Amino acid sequence: MAEIMVLMEHRQGEMRDINLEMLSKGQELAEKTKAELTAVLLGKGVASMADNIKRFCHHTLICEDERLAQFNSDPYQDVLSFMIKERKPALVLIGQTACGMDLAPALATSAGIPLATDCYQIEVKGDTVLPFRQMYGGKMSAEVHFAKKAPCYMITVRVGSFPSEGLREINGAVEKVAFTFDKDYAYKKFLQYVEAAVGGVDITQADVLVSVGRGIGDPENLPMVEELASLLGGVVSCSRPVADKNWLPKERQVGTSGKTVKPKLYIALGISGAFQHTAGMKGATTIIAVNKDPKAPIFNVAHYGIVDDLLKVVPGLVAKVKERKGA
Amino acid sequence: MDIIVCIKRVPEVAEIDLQVDQTGKGIKTEGLVFCVNDWDNYAIEEAVRIKEKHGGTVTAITVGSEESEDVLRRALALGADEAVMITDQKTEGSDAYATAKILAAAIKNIPYTIILAGALADDDGYAQVGASLAELLGIPHATLVTNMEIGEKRVKVRRELEGGLEEALDVETPAVFTIQSGINEPRYVSIMGIRRVAKKEIKKLDLGAMGLAPDQVGTTGSFIVVERIFTPPVGEGAQLLQGSPDEVATKVTDIFQKGGVI
Amino acid sequence: MDFLEKHELYACLQCGKCTGGCPVSMKAPLNIRSLMRQVLMAGKPDVALECPGLWDCTTCATCTLRCPRGLKPSEVIVGLRGELVEGGNVPKTVIDALEGTFKHGNPWGKPRQKRMEWKGDLAVKVLPEEGKAEWLYYIGCESCYDPRLQRIPRILCRVLETAGVSFGILGTKESCCGNEIRRMGEAGLFEELREGNIKNFRASGAQAIITTSPHCYNTFETEYKLEGFKVLHYSQLLADLLKEGKIKFSHEVKKKVAYHDPCFLGKQNQIFDPPRQILKAIPGLELLEFDRSRERSLCCEGGGGRMWVEGTGEGERNSETRVKDAHAMGAEIIATACPFCLLTLEDGAKTTGLEEKVLIREVLELVADAMGFENV
């Protein structure tokens, strides 16, 4: 029976959202290809997590060791290599996350498994797996083929590409996998987690976010954005380039490498909408985007759009809101 | 402290309308401006800073065509000491895996303590070369590095995770680190600076010089090939608010009011 | 020649007329007299490079115009910035402006392919590809890309057409003039821009160049060493066309208008009268003069790279002072003949809350009203 193997991610005792997303796609692919879905959980003291995962797969493989307590690409690579050799899955799914990016390329290279990274869609045509991924900051999509026929393929999955709800209850068994480590991995030691310096503003708690991107042009244009945010009872957030330039502190950054937010209202000012950003705010209830470029990808995720220069729109908006509030 | 930095020449596409070319597998590049991949720029800056603090040499290396000389010259002007260009038509069509193989073949003959590369590239965004390269060279790696503290035989790094969280790792050298943007503020490279290094030698390597067979590179040596590219379907997209600035401002304020925000 | 010799620092009297006339010295940590002394005492520029106010300088050149010894303190600042540029140690926004110019031909880093979008449907000849013309109209980066400014070249094209002037443009071949680039210290990039532009000028077939911006005018006229070309700011050509009866103002503009002399047009190039002649010829327009007018005009703080560097000084911006002064003397409009002055004065009008009371207009915008232009 062919197998689709999915690597589960967890951190500080919590399962990560990508797991259900990958399992949901895994279920769909397993059904289409008449395969079984197998989740792999590596860690230490993660048995209770396995109980949660097993609901959605035919097999849940769990391997526990001190070396696996925190994610570390090298021991993870060794255990997965072993599992892949033993079980010969047809497809291995890993999240395109900080962990996945550290692990998948090295694993694929050492095991000789063709790898397609950062895919937002996976189709199956006959017995061919077709990954789809984006290029040029989201301006182009690409259908990718694996160059050679191989017994196993690996795909890393873009966060937020697949639903995390509506999974079938399969309730397979949990199997413990024994692996004998012959290394202690002292050459790559996990030391500790480092929390972002808290400046007192937690954008994940805000109901309203007024977010600025490269289009803000200059930090001296920020005050009018702050004014709009404060009029709406919200907080200013930003995309990566603004945080990289230190125009706003890193804690305000929304996106895959920043925070994921789900406010009632998200106003995107001068943000192009490259995937790394939209992944962090797609879930907002109402998204209003302002951008000079009518083709900016942000308009694909926004509910309302204004094609104009934010430097012209914001002052007019501030005035209108003040007027409406004063009324 | 000898550092190798892997860099890539990519097109700048920020505000450009991209079009699919005749082959259907690439974009039309006419009129596009090319420059060093943003993440690689942070990597070169980091390498030069490490050199300025700890001594040693920085070698910039790229897999490309004659035009890639531009990015190597700029790296030299920024502070790299040596530049190596791997140029061979047979490398065309190489994906990230094949590119890692090419780099590994060139690098095994260059002394190094640390190899830096950008975490991913502006054009294809594979985020693969660095970690694959480490595997091929048999050395440890850490990706998405936001901070580096150089020690005797080890490097302490911070890696960017999600949600503002980072992890601190202690890695033995030699090792590969892929650099996340924002790790530093890259310095400006002036025109005169680039002119000053115009005559510096750029070592050129082809497959033969590196002992690579043609079937190990190009599409034959790759894991994946791009079958076709296309502009993403716009989907339902946003409801565009039209009208005079005043009318638009009114419509937006109505939305605010309806949503209970004001 | 070392830095001190190049800038003749040994000749400096330390009289202080430079700092005394500097439009930003009262609020920014920039004291040019003191900087010159520091460099003189140290024998090299290094110590002055740490001055936090180096990027506040607008290169209005008041200091240079007033130096009794004929020294060029504003060039000393440009030289110091040059040292920083060569060392790679400049503010992020300056890096963006310089790299944007290198890659895309304009400091906003906007795509070259979009440089002529200001034209809309307007038919304008691209030289030399689409023919020959007597005048080359050099639009300038900000007027090409900034939505607030894009109507200004459209207006000028219509005026020139109405007057029967033979003119054309470079199209997307047009690259930054480099005036601000040189003043931000990137001498190498300035040289490249100059060479490229001169090649395009020669190939265009035109014999005369007209500019929207006094900044472009200034560098073409005084720094490019352009031989065989006449260079005019648009106000000079328009004043002549008025005199010759080739353009007529048929509509009234019944407003009190104060004219603000841009530094790069007025005090630096002595072009004071042509814009005033144009304004005075507009029926119904009452021309008012600031106390600080002509040579003493108050720098708006838009030049010398200030469009890309936030001033460090606390306190009222000159643009705010200008708008308040205009309002106090009853002016309804401040007219100016420089796109940077226009933008900075408009900012000043906004931050003082006077934007409904004192409108900021380019002279060409008033010309458009006076000529009854619609849809422009």
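Here is a short tour of the model you have open, stop by stop. This is a predicted model, in which local features need pLDDT of at least 70 and side-chain atom pairs count only at pLDDT 80 or more, while totals for chains, interfaces and linings use all residues. Residues are numbered from 1 along each chain as its sequence is written, and chains are lettered from A and ligands numbered from 1 in the order in which they are written.

**Stop 1: chains A and B.** Select both chains: 69 residues of chain A are in contact with 73 residues of chain B (in contact means that the C-beta atoms, placed from the backbone, lie within 7 Å). Chain A's side has 33 nonpolar, 18 polar and 18 charged residues (Ala, Val, Leu, Ile, Met, Phe, Trp, Tyr, Cys and Pro count as nonpolar, Asp, Glu, Lys and Arg as charged, and the others, Gly among them, as polar).

**Stop 2: a strand pair.** Now pick residues 188–194 of chain A, strand β12, and residues 166–172 of chain B, strand β9. They pair in the antiparallel sense over 6 bridges (pairing takes at least two DSSP bridges; strands are DSSP runs of E, at least two residues, and helices runs of H or I, at least four, numbered from the N terminus). Zoom in on A:Lys188, and you'll find B:Val171 opposite.

**Stop 3: chain C.** Over here, 18 residues of chain C are in contact with 15 residues of chain B. Which helix of chain C gives the most to this side? That's α6(C), with 5 residues.

**Stop 4: inside chain A.** Colour domain 1 (3–176) and domain 2 (203–326), bounds that come from an automatic or database domain assignment. Their C-alpha centres lie 33 Å apart, and 5 residues of domain 1 are in contact with 6 of domain 2.

Methods: Two residues are in contact if their C-beta atoms, placed from the backbone, lie within 7 Å.
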